[in-house]
Amino acid sequence: QAAQRAMPDLEARIAQGDLLGLREWLRSAIHRHGKCLEPEDLCRGVTGGPLDPKPFCDYLWGKVGALYG
């Protein structure tokens, strides 16, 4: 969700096979920190909140929810 906020056209770019924008976002927002930050601090810095499984569950539900009801 943080990547989508930073790049509103992310899904369209991925659908076209363009992953460069996502890679650059990951590099600048996450990878550049290496082991300098604890995972909780990194998550808070990128998303503005604590680690939360809800966005991932929402993603999964949107992707396969119709298949399984």
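**Group meeting: core, pocket and cysteines**

Okay, let's start inside. The largest nonpolar core is six residues in all: A2, A3, M7, L10, W25 and A29. Helix 1 and helix 3 are the elements that give two or more residues to this core. And just so everyone keeps it in mind, this is a predicted model. As a general point, nonpolar side chains in soluble globular proteins tend to be buried together.

Let me stay with L10 for a second. What does L10 touch, if we leave aside its neighbours within four places in sequence? It's in contact with A3, Q4 and L22.

Next, the pocket. The largest one comes out at about 870 Å³. It's lined by 26 residues, and the closest to its centre are Q1, A2, A3, P55 and F56. Five elements come up when you ask who gives two or more residues to that lining, among them helix 1 (2-6), helix 2 (10-15) and helix 5 (54-68). Which helix gives the most? That's helix 4, with six residues. By class, the lining has 17 nonpolar residues, plus four polar and five charged.

Last thing, cysteines, since somebody will ask. How many disulfides does the structure hold? Zero. Take C36: the nearest cysteine sulfur belongs to C43, and that's 17 Å away, while a pair has to be within 2.5 Å to count as a disulfide. C36 is exposed, at 71% relative accessible area. C43 isn't in a disulfide either; for C43 the nearest cysteine sulfur is that of C57, 14 Å away. Unlike C36, which is exposed, C43 counts as buried, at 15% relative accessibility.

Technical notes: Residues are numbered from 1 along each chain as its sequence is written. This is a predicted model: local features need pLDDT of at least 70, side-chain atom pairs count only at pLDDT 80 or more; totals for chains, interfaces and linings use all residues. Side-chain values use heavy atoms; hydrogens and water are left out. On a 1 Å grid over the protein atoms alone, a cavity is a set of points where a 1.4 Å probe fits but cannot get out, and a pocket is an open set with protein on both sides within 12 Å along at least five of seven lines; lining residues have an atom within 4 Å of a point. Grid points are joined across faces, edges and corners, and a volume is the space filled by probe spheres set on the points. Helices (H or I, at least four residues) and strands (E, at least two) are DSSP runs, numbered from the N terminus. Ala, Val, Leu, Ile, Met, Phe, Trp, Tyr, Cys and Pro count as nonpolar, Asp, Glu, Lys and Arg as charged, and the others, Gly among them, as polar. A nonpolar core is a set of buried Ala, Val, Leu, Ile, Met, Phe, Trp, Tyr and Cys residues joined through side-chain atoms within 4.5 Å. Buried means under 20% relative accessible area, exposed over 50%, partly exposed in between (1.4 Å probe, protein chains only). Contact means heavy atoms within 4.5 Å.
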